Amino acid sequence: MSEIGATEMLSESLGSFVLVKLKGGREVRGLMKSFDQHLNLVLENAEELFPDKEPKKLGAIIVRGDNVVIVSPSPR
Amino acid sequence: MSEIGATEMLSESLGSFVLVKLKGGREVRGLMKSFDQHLNLVLENAEELFPDKEPKKLGAIIVRGDNVVIVSPSPR
Amino acid sequence: MSEIGATEMLSESLGSFVLVKLKGGREVRGLMKSFDQHLNLVLENAEELFPDKEPKKLGAIIVRGDNVVIVSPSPR
Amino acid sequence: MSEIGATEMLSESLGSFVLVKLKGGREVRGLMKSFDQHLNLVLENAEELFPDKEPKKLGAIIVRGDNVVIVSPSPR
Amino acid sequence: MSEIGATEMLSESLGSFVLVKLKGGREVRGLMKSFDQHLNLVLENAEELFPDKEPKKLGAIIVRGDNVVIVSPSPR
Amino acid sequence: MSEIGATEMLSESLGSFVLVKLKGGREVRGLMKSFDQHLNLVLENAEELFPDKEPKKLGAIIVRGDNVVIVSPSPR
Amino acid sequence: MSEIGATEMLSESLGSFVLVKLKGGREVRGLMKSFDQHLNLVLENAEELFPDKEPKKLGAIIVRGDNVVIVSPSPR
C-alpha cells in the first residue's frame, strides 16, 4: 500500500472543490486555491452550507486553519 | 492554475470591505486597514451583523486574530 | 492609502475610552491606560455592559488579552 | 508485558478501518492511509456516523489532529 | 498621561482585595498574596461569588492564570 | 512523606485497568498499554462508560492526551 | 507583607487534602501527593464532588493541569 499524506491529498485538490467542516458545526464548500501547513485555506466560489436551508454564497474566502476539523477533497 | 495565497488575497483587500466570521457566531464587516500573519485585523467603518436585526455600528475596530474563522474579501 | 496597524490604533487610544468585546459575550468599556502585544489591557473607570440592564462599575481593571475578541477605540 | 505505543498501533492500522471520535461529539470511520505525530489523519472511504441515523459517505478526508479524542483501530 | 501597566497595578494590589472574573462565568474575591506573568494568582480569605446567593468561603486559593478574564484591584 | 509523581503512578499502572475522564464528559476504561508525557494513552479492552446505559466496547484505542482531565489507576 | 507564591503554597499542601475546581464545573478533593509547574496533580483518596448528591470515591488520580481552575489547600 502506498501511503498518501495530507499534503499530497491537498495538492491534488488545488483547483477542485473541497468540503470543509469547521469547529462549531459550520460547513463551507469551495474551489481550493491554496493551503498551508496549518490548514489555512483559500477558497473561491465558496458557499456556506446549512442542514435545513439553501447554501449562502460567500465568494472568495480565507479559512483560518485552527477552525478546520475535516477537509474532504471529494464532496458529494 | 496560479496559486493565490491568503496573504495575497488580504493584501488586495486593503482598502476594501471584508466580511469576518468569528468564533461563537459573531460577524463583523468593515473596511480593512491592516492585517498581520495571525489574522489580527484593523477595520474602519465596522459594524456587527446580526441574523435578525439591524447591523450595529462599531466605528474603527481591532479584531484579535485567534477569533477569526473566515475572512471574505468579497462580501455580498 | 496609508496602512494603520493595530499598535498605532491602540497607541492613539491611550487615555481615551475603548469598548472591549470578550469571548463568551461579555463587554467592558473603560479608559485605556496601557496595552501590550498580547492585547492585555489596563482600563480605568471601567464598567461591564449588559444587553438588558444598567452597566456595572468595576473601577480599574486588567483584561487578560487572550479573552479579547474586538477592541473598538471609538465606542458609540 | 511488552509496551505498545500509539505510533506502533497507528502503523499497524495503515490500510485498515479505524473509528475516530472527535471533539464536539462527531464520529468518522474510514480506511487509514496516513497519519503524523499530531494525529492528523488521512482516511479513504470515510463516512460520518450518527447516533440515530444512517452514516453519511464523505469519500477521502483529512482530519486535523487537534480535533481527535480517540482513535480506535478495531472498530466494531 | 503616565502609562500604568498591568504589572504595576498588580504590584500595588498585593495585600489588598481583588475581584477576579474567570472563564465560564465564575467570580472569586480575595486578598492578593502573589501573582506571576501568566496571571497565576494566590489569594487568601478568598470566596466564590454567585449572582443569586451568598458567597462561599474558600480560604487560601491558587488561581491558574489561563482562566482569568478580568482582575479588578478595586472591587466594589 | 515520599512524593509519588504522575509518571511513577502511570508506570505502575501499565498492564492494569485505568479509568479516564475526558473533556466534554466522556469516560473510558481500559487496560493501559502505554503513555507518554502528554498523557497520550494506549488502552486495550477499552470501553466507553455512560451514566445511564451499558458500557460500549471499543477494543484497542489511542486517547489524545489533550482531552484527558483525570486518569485514575484504581477505578472502582 | 511577605509574598507567598503558588509553589510555596502547593509545597506546604503536600500530604494534606486539597479541593480542586476544574474547567466545565467538575470538582475533586484528595490528599495531594505531588504537583508540577503545569499544575498536574497526583491526589490520593480522591473523590469527585457534586452539588446535589454524595461524593463518588475515585481512589488515586492524576489531574491534568490544563483543566485546573482553582486549587484550594484549605477546603472546608
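Read along the sequence, the elements of chain A fall into the pattern α-β-β-β-β-β. In this predicted model, that amounts to 1 helix and 5 strands for the chain.

The overall dimensions of chain A come next. The C-alpha trace spans about 40 × 25 × 20 Å along its principal axes. The radius of gyration is 12 Å, and this agrees with a compact globule, because a chain of 76 residues packed in that way would have a value near 11 Å. Of these 76 residues, 54% count as buried. Contacts along the chain can also be sorted by their reach in sequence: among those between residues at least 6 apart, 36% join residues at least 24 apart.

The surface and the charges of chain A round off this part of the picture. About 3500 Å² of chain A is accessible, and carbon and sulfur atoms hold 48% of that surface. The chain carries 10 positive side chains alongside 11 negative ones. The centres of these two sets of charges are 6 Å apart.

Attention can now turn to a place where two chains meet, namely chain C and chain E. Here chain C contributes 23 residues to the contact and chain E contributes 25. Together the two chains bury about 1900 Å², with 58% of this area on carbon and sulfur atoms. On the chain C side, the residues that lose the most area to chain E are C:R26, C:I62 and C:R64, and these account together for 36% of what that side buries.

Two residues deserve a closer look for their backbone angles. Most residues other than glycine have a negative phi. D:N45 has a phi near 50°, a positive value in a residue that is not glycine. This asparagine sits in strand β3 of chain D, which covers residues 41-49. Is D:N45 buried or exposed? With a relative accessibility of 53%, D:N45 counts as exposed, because the cut-off for that class is over 50%.

The second case is E:L39, where phi is near 70°, again positive in a residue other than glycine. Where in chain E does E:L39 lie? The leucine is found in the loop that runs between β2 (27-35) and β3 (41-49). Its relative accessible area is 7%, so E:L39 is buried, the limit for this class being under 20%. Side by side, the two residues with positive phi have contrasting settings: D:N45 belongs to a strand and is exposed, whereas E:L39 belongs to a loop and is buried.

Key. Residues numbered from 1 in each chain as written. Chains lettered and ligands numbered in written order. Predicted model: local features only at pLDDT ≥ 70, side-chain atom pairs only at ≥ 80, totals over all residues. Heavy atoms only, no water. Helix = DSSP H or I, 4+ residues; strand = E, 2+ residues; numbered from the N terminus. Rg over C-alpha atoms; globule rule 2.2 N^0.38 Å. Buried < 20%, exposed > 50% of the residue type's maximum accessible area, 1.4 Å probe, protein only. Contact = heavy atoms within 4.5 Å. Areas by Shrake-Rupley, 256 points an atom, 1.4 Å probe, with all protein chains shown as cover. Lys, Arg positive; Asp, Glu negative; His and termini not counted. Charge placed at Lys NZ, Arg CZ, Asp CG, Glu CD. Buried area = accessible area lost by both parts, 1.4 Å probe.
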